[in-house]
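Me: I am new to this one and would like a close look at a single part of it. Please start there and then work outwards.

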Amino acid sequence: MSEQLLREVILISIVFAIVGAVMFFLRNAPLTTGQKVEKALAGLIGGFLVMAGTVKFFDPFTTMFTSQIAYSGLPFPTLSRWAGQLGEISAGALMLLVLIRGSKMTNIVADKLMLAGTGLTMIIMTVAIYVHLNPNVPATVLPLQSKPPVMTLIVMALTAFNFYLYRRNPQQRIG
């Protein structure tokens, strides 16, 4: 296992451990199973996105991300880099904000924030699929050094499922 791959696996494991701890504390909360799953997914996705966007400010991740953009031929490379990093952080922060403070917001505000976080995540992941499938981008500069966009598709599926669960019982939201 390469050093880079090991770093990525450790970072993802930390996010999973934090979500596991949250689920442990939620086990006796007066929530339905669907609400508990939604909160766990929102925490997992939000934490993952904030972590993924933040690490791209530090080497070796910033070099890899800049290389992905250059090899893929995305327009406005500097703007694309900043949009990707800040977009991931923002989408994750929006989901975490609704998770943590959702009960203090009106349903309309919470719904708009969750929709914005979900939509932004889907746009970012769609661009990530393009980058992964671009033949000019080598696997060595991709997350988990994997050409198929497996993690990207998993994040998209979990985000869509989380949004479905969120919308299913909006009146019962507890932050």
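What relative accessible area does Met151 have?

Reply: A caution comes before the answer: this is a predicted model. Met151 has a relative accessible area of 22%. Buried would need under 20%, so Met151 counts as partly exposed.

Now place the residue. Met151 belongs to helix 6. That helix spans 150–168. Val109 makes a useful reference point for distance. Met151 and Val109 are 42 residues apart along the chain. Their C-alpha atoms are separated by 30 Å.

Next, look at the space beside this residue. Met151 is one of the residues that line the second largest pocket. The volume of that pocket is about 180 Å³. Its lining also includes Ile154, Val155 and Leu158. Ile12, Val15 and Phe16 line the pocket too. So do Leu44, Ile45 and Phe48. Leu144 is also in the lining.

Which helices supply at least two residues each to this lining? They are helix 1, helix 2 and helix 6. Helix 6 gives the largest share, with 4 residues. By class, the lining has 11 nonpolar residues. It has no polar and no charged ones.

Stay on helix 6 for a moment. Phe161 and Tyr164 both lie in it. They are 3 residues apart, about one turn of the helix. These two residues form an aromatic pair. The ring centres are 6.4 Å apart, and the planes meet at 20°. Planes under 30 degrees apart count as stacked, so this pair is stacked. The chain's count is 2 aromatic pairs. How open are the two partners? Phe161 is partly exposed because its relative accessibility is 39%. Tyr164 is partly exposed as well, at 48%.

Now step across to the largest pocket. It holds about 730 Å³ of space. The lining has 36 residues. Lys56, Phe65, Gln68, Glu88 and Pro143 are the closest to its centre. Helices 1 to 6 each give two or more residues to the lining. Helix 5 supplies the largest share, 7 residues. The class count is 26 nonpolar, 7 polar and 3 charged.

Two of those central residues also meet as charge and ring. Lys56 lies over the face of Phe65. The distance to the ring centre is 5.0 Å. Arg81 and Trp82 make another case of this kind. Arg81 lies over the face of Trp82, at 5.4 Å from the ring centre.

The loops deserve a look too. Most residues other than glycine have a negative phi, and most peptide bonds are trans. Two places here depart from that. The peptide bond from Asp59 to Pro60 is cis, with omega near 5°. Pro60 sits in the loop between helix 2 and helix 3. Phe76 has a positive phi, near 50°. This residue is in the loop between helix 3 and helix 4. Its relative accessibility is 62%, so Phe76 counts as exposed.

A further loop joins helix 5 and helix 6, and Pro135 lies in it. Pro135 is exposed, with a relative accessible area of 73%. Ser103 gives a sense of distance. Pro135 and Ser103 are 32 residues apart along the chain. Their C-alpha atoms are separated by 46 Å.

Last, the whole chain. It has 6 helices and 0 strands. Along the sequence the pattern reads α-α-α-α-α-α. The radius of gyration is 17 Å, and the globule rule gives 16 Å for 175 residues. The two values are close, so the chain is as compact as a globular protein of that length. A box of roughly 50 × 35 × 25 Å along the principal axes is filled by the C-alpha atoms. Of the 175 residues, 42% count as buried.

Back to the starting point. Met151 is partly exposed, and it helps to line the second largest pocket.

Terms used
Residues are numbered from 1 along each chain as its sequence is written. This is a predicted model: local features need pLDDT of at least 70, side-chain atom pairs count only at pLDDT 80 or more; totals for chains, interfaces and linings use all residues. Side-chain values use heavy atoms; hydrogens and water are left out. On a 1 Å grid over the protein atoms alone, a cavity is a set of points where a 1.4 Å probe fits but cannot get out, and a pocket is an open set with protein on both sides within 12 Å along at least five of seven lines; lining residues have an atom within 4 Å of a point. Grid points are joined across faces, edges and corners, and a volume is the space filled by probe spheres set on the points. Ala, Val, Leu, Ile, Met, Phe, Trp, Tyr, Cys and Pro count as nonpolar, Asp, Glu, Lys and Arg as charged, and the others, Gly among them, as polar. Rings of Phe, Tyr and Trp (its six-membered ring) pair if their centres lie within 6.5 Å; planes under 30 degrees apart count as stacked, over 60 as edge-to-face and the rest as tilted. Buried means under 20% relative accessible area, exposed over 50%, partly exposed in between (1.4 Å probe, protein chains only). A charge sits over a ring if NZ of Lys or CZ of Arg is within 6 Å of the ring centre and within 35 degrees of the ring normal. The radius of gyration is taken over C-alpha atoms; the globule rule is 2.2 Å times the number of residues to the power 0.38.
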